[in-house]
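User: I would like to learn how to read a few local and global features of a model. Could you take me through them one at a time, with the general idea before the case at hand?

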Amino acid sequence: MQIVRRSDLMVTLSLAVFLGVAAAIILNRTLGMPWLGLVVGGLGFLYGMRRPFGRWRATRQRLPSEALHWLGEHVPFYRALGRRPQARFERDVQIALAELRFEGVADAKATDELKLAVAAGAALLLHGRPDWDLPRGHTVLFYPGAFDEGYDVDTAGRFEGMMNLQGPILFSAPAVEYGWRHEDGLNVVLHELAHLLDFQGSGVDGLPALLAPSSADAWRRLVQEEIQKVKTGHSILRPYAATNSAELFAVAVELFFEQPDRLRDGHPKLFDALVALFNLDPRSEG
Ligand SMILES: [Zn+2]
């Protein structure tokens, strides 16, 4: 994530200039006040820069020491980073905290720790790709436990996380906590955020939108091979990964960040593809 991308800045600037010039022409003819075009262009520029401004504001101060402590304790990747990449990781956490909306459902509360746990997942997935971004407008809902298809809190509910195309991202709060406390390849935050990257593309197809088009066919073939391995019991990925290519991708992402050595040993092609996609190797510092 970046505070402001050069390409966004250029587009905003060009649109503001266009708007200003058009306004100046019209205002000169109607009111004889072409200088008002400057005001219109300036306002247009400020409007276009509201996201970078929000990011700048969110990152002006460092994260509180409790948050830094939590990251150091729960995110081995962050812990292994050098000082500068660590600061960038922290900044990404702040941006995610500022741009996602968080709410508790029933008696679950959106605590600072739960918010941090989700923001840390976003920072981790995007760390190697500073040019990538979170899609806008998602709300994160924390449930007190597993929930069912109707999004109701249910002791028999089987969902601990769910991602909706246009809607909220749902998490069972205990599952979020579990994900960062155990490095066993189960991390519901990484799983659902992996879907979020997937959803940004043409659909939920396990083909991340941000994948270079030239790699798409090779990626599809690889995912199908890996699904077969899961189905025939020749995979370290859990059986749920065979549901479809989107789940294969999300489950593989969990393992990639939580047990990279194991994934590298068991599925070197899949591991290398994820290293290329995320532009980092979780075995070393990013
Ligand atoms: Zn899934």
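User: Where is N279 found relative to helix 13?

Analyst: In this predicted model, N279 is found in the segment after helix 13, which spans residues 268-278. The backbone there deserves attention, since N279 has a positive phi of about 60° although it is not a glycine. As for its surroundings, N279 counts as partly exposed, because 15 C-beta neighbours lie inside 10 Å, and a residue would need 20 or more to be called buried.

User: Which other residue has a positive phi although it is not a glycine, and is that residue buried or exposed?

Analyst: A106 has a positive phi, of about 55°, and is not a glycine either. A106 lies in the loop that runs between strand 1 (101-104) and helix 7 (112-126). A106 is exposed, because 11 other C-beta atoms lie within 10 Å and the limit for that class is 12 or fewer.

User: How should I read the side-chain directions along a strand, and which way do the residues of strand 4 point?

Analyst: In a regular strand the side chains alternate between the two faces of the sheet. In strand 4 (residues 169-172), I169 and F171 point one way while L170 and S172 point the other way, and all of them are buried.

User: Which strands pair with strand 4, and in which sense, parallel or antiparallel?

Analyst: Strand 2 (residues 139-143) pairs with strand 4 in the parallel sense over four bridges, and strand 3 (residues 161-163) pairs with strand 4 in the antiparallel sense over three bridges. Strand 3 and strand 4 also form a hairpin, with five residues between them. L170 is a useful reference point in strand 4, as L141 stands opposite L170, and M162 likewise stands opposite L170.

User: How many residues does the largest nonpolar core have, and which helix gives the most to it?

Analyst: In soluble globular proteins, nonpolar side chains tend to be buried together. Here the largest nonpolar core has 70 residues, and those with the most contacts inside it are A119, A120, A122, A123, L125, F171 and A252. Helix 7 gives the most to this core, with 11 residues. To follow one of the residues named for its contacts, A120 is in contact with L71, V75 and V93, leaving aside its neighbours within four places in sequence.

User: Finally, what does the domain assignment give for the chain, and how far apart do the C-alpha centres lie?

Analyst: The domain assignment gives domain 1 (6-58) and domain 2 (65-278), and the C-alpha centres of domain 1 and domain 2 lie 38 Å apart.

Definitions and conventions. Residues are numbered from 1 along each chain as its sequence is written. This is a predicted model: local features need pLDDT of at least 70, side-chain atom pairs count only at pLDDT 80 or more; totals for chains, interfaces and linings use all residues. Domain bounds come from an automatic or database domain assignment. Helices (H or I, at least four residues) and strands (E, at least two) are DSSP runs, numbered from the N terminus. Two strands pair if DSSP finds at least two bridges between them. A nonpolar core is a set of buried Ala, Val, Leu, Ile, Met, Phe, Trp, Tyr and Cys residues joined through C-beta atoms within 7 Å. Two residues are in contact if their C-beta atoms, placed from the backbone, lie within 7 Å.
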